[in-house]
Amino acid sequence: MTNKPLNDTIHRVTQRVIANSRDSRAAYLDLMDRESERQVDRTSLSCSNLAHAFAGAEEDQTAIMAAKGPNLGIVTAYNDMLSAHQPYHRYPERMKIWAREVGATAQVAGGTPAMCDGVTQGEAGMELSLFSRDTIALSTTVALSHAMYDGVALLGICDKIVPGLLMGALRFGHLPAIFVPSGPMGTGISNKEKQRVRQLYAEGKATREELLASEMGSYHSPGTCTFYGTANSNQMMMEMMGLHVPGAAFVQPGAKLRQQLSRAATHRLAAIGQAGDDFRPLSRVVDERAIVNAAVGLLATGGSTNHAIHIPAMARAAGIRFDWTDLSELSSAVPLVARVYPNGAGDVNHFHEAGGMGFVVGTLLEEGLAHADILTVWDGGFESYSREPGVDSDGDTLVWRDPGPSGDNDMLRPASAPFQADGGMRLVEGTLGRACFKSSAVERERWTIEAPCRVFDTQRAVNEAFTRGELDRDVIVVVRFQGPRANGMPELHKLTPALGVLQDRGYRVALVTDGRMSGASGKVPAAIHCTPEALGGGPLAKLRDEDVIRICAATGELSTTADLSSREPAEAPPPETGMGRELFAMFRAGADGAEQGASAMLAMAGL
Ligand SMILES: O=C(O)[C@H](O)[C@@H](O)[C@H](O)[C@H](O)COP(=O)(O)O
Ligand code: SF4
């Protein structure tokens with residue numbers, strides 16, 4: 001099928017992003033050109049530098065010293081705490097073997113931290129979650145600062161890890177880079193059953209033992225959790241930006257195909273370095289069109305709201321300016337083609353089986369809804385990503401095939417006959433600021449709500465009020481002082497069970513916050529990432545109980561009927577200490593707004 005020409009809105013937004021980024025992108029590419037000249041040949045390091053660099057290289061020492069082939073730097077976010085990252089502990093040794101197969105070498109350049117938002121959800125650690133992204137970017141920079149590498153393999157999956165790895169690697173964009181995913185765990189109990197037991201527990205009708213048994217039925221083995229949250233939205237975006245081997249996103253750990261995809265990634269990385277004849281530096285792969293493709297994929301698949309913060313941050317690391325107006329305009333043109341939990345019943349394994357990313361890329365290209373001409377890490381261009389990988393009968397040879405029509409019309413539909421004519425995320429704004437609304441996860445009849453509000457400074461206070469029966473009515477729950485400068489902009493996903501119970505009891509409820517929600521949050525209408533945040537005088541700080549608030553995702557409204565002009569802002573709670581939060585004061589103090597990516601690191605760097 002011949003692809004339609006690029007959609008006018010996507011073309012217009014892309015041209016505006018290019019225009020808004022002209023100076024910053026030029027400065028970035030100029031720096032990358034200078035880096036390329038400066039680091040073109042690692043043998044220019046001193047003998048002492050070099051001796052230190054390969055002293056630990058064992059059987060690769062001679063090869064690295066001879067510098068006859070590319071030396072690949074592996075930046076790994078392995079740890080046992082994230083089920084998604086646990087498979088990475090074997091990757092480096094295998095990648096060294098695969099590198100040797102093509103005359104290259106590989107070394108672990110360094111490791112980065114990785115937080116599991118599932119473990120820290122509702123706990124003090126969640127206040128470090130967003131800033132762990134920039135910590136990962138800084139750790140990636142430290143790893144690559146050895147200047148010994150001709151290519152970068154990035155091993156990371158989860159929420160803040162992929163954005164952090166990419167932001168760090170982009171500052172070494174004179175090198176090629178590729179993401180090497182590990183894949184989702186097998187499907188456990190249904191998400192509906194998981195939520196049912198959670199709501200029973202929230203109502204005091206299930207025991208802790210019953211809740212734990214249910215949760216372990218959902219999260220049970222190595223691999224990425226199978227809801228379509230931020231981690232799996234990361235995998236989708238890496239496909240949409242051409243930073244994976246095509247179709248690598250959702251193949252399960254331990255499968256023969258997974259191993260062949262990781263082997264192919266190692267071989268490909270060795271082939272696209274500066275010394276080869278197909279040089280593909282990261283700085284050229286991640287351009288304005290790739291950023292727009294990532295946003296299109298997010299909207300078309302109903303991806304995580306967290307990427308309304310991470311896409312602007314990743315873009316800035318490449319000298320590109322992308323904001324919520326761009327995202328909102330794209331959302332008006334990009335149809336919703338996938339319904340993966342929490343936006344539907346099935347999980348990412350069902351999504352992959354129904355046609356997965358190959359189907360999504362194919363239908364978006366057919367309808368002219370994505371840039372077909374991005375420079376991908378894989379040869380064959382972005383078209384290659386409209387196909388799904390498999391292994392030949394010998395089990396060793398990778399093959400790609402057309403995914404064909406959707407295998408489940410309740411999960412995946414063509415862009416010509418979508419679930420919704422517009423994308424899964426909307427911008428709402430008005431007298432309470434600008435905020436993100438995940439329309440893909442909320443029934444359309446709940447897109448508009450007007451009700452009195454109850455104002456809280458912590459999610460714990462909300463759950464206590466719920467337990468006391470104070471919220472059993474039409475109510476808009478406001479949780480403020482949750483922005484990046486206040487307490488690190490945590491996810492407030494522990495509100496979901498209580499708000500879900502209220503909604504199921506028939507009340508009109510919604511959440512308004514300057515904090516975040518999980519990519520796995522859904523069902524209850526929420527205006528999140530409110531900017532400007534409450535700390536420092538944002539409008540949420542002036543709200544009082546019983547003020548009437550109106551949210552309308554259809555018209556893009558977020559307002560109150562109260563006159564805030566003469567009110568003084570409420571006093572913010574003092575910053576918490578413990579769990580190391582005091583060490584992150586510099587990240588809070590320097591953070592810019594959620595719409596800019598909430599990054600002190602980028603703001604202080606003038607990016
Ligand atoms: O953005 C995300 O996708 C979330 O941060 C996710 O990584 C987090 O772990 C959720 O808390 C999981 O969902 P449950 O808490 O419902 O298991
Ligand atoms: S998807 Fe979320 S909960 Fe699952 S391992 Fe990754 S960070 Fe943890």
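The following exchange concerns the fold and the ligand shell of a predicted model.

Modeller: Residues are numbered from 1 along each chain as written, and chains are lettered from A and ligands numbered from 1 in written order. In this predicted model, local features need pLDDT of at least 70 and side-chain atom pairs pLDDT 80 or more, whereas totals for chains, interfaces and linings use all residues.

Biologist: How many residues surround ligand 1, and which are the closest?

Modeller: A residue is near a molecule if its C-beta atom, placed from the backbone, lies within 6 Å of it. The shell holds 14 residues. The closest are Asp117, Gly118, Gly229, Thr230 and Gly519.

Biologist: Which elements give two or more residues to that shell around ligand 1?

Modeller: Helices are DSSP runs of H or I with at least four residues, strands runs of E with at least two, both numbered from the N terminus. By that numbering, the contributors are helix 6 (117-120) and helix 11 (230-240).

Biologist: Is helix 14 largely enclosed or not, and how many of its residues are buried?

Modeller: A residue is buried if 20 or more other C-beta atoms, placed from the backbone, lie within 10 Å of its own, exposed if 12 or fewer, and partly exposed in between. Helix 14 is largely enclosed by the rest of the structure, because the buried residues number 14 of the 14.

Biologist: What positive phi does Gly302 take?

Modeller: Gly302 comes just after helix 14. Its phi is about 65°.

Biologist: What percentage of the protein chain counts as buried?

Modeller: The chain has 23 helices and 14 strands. Of its 607 residues, the buried share is 57%.
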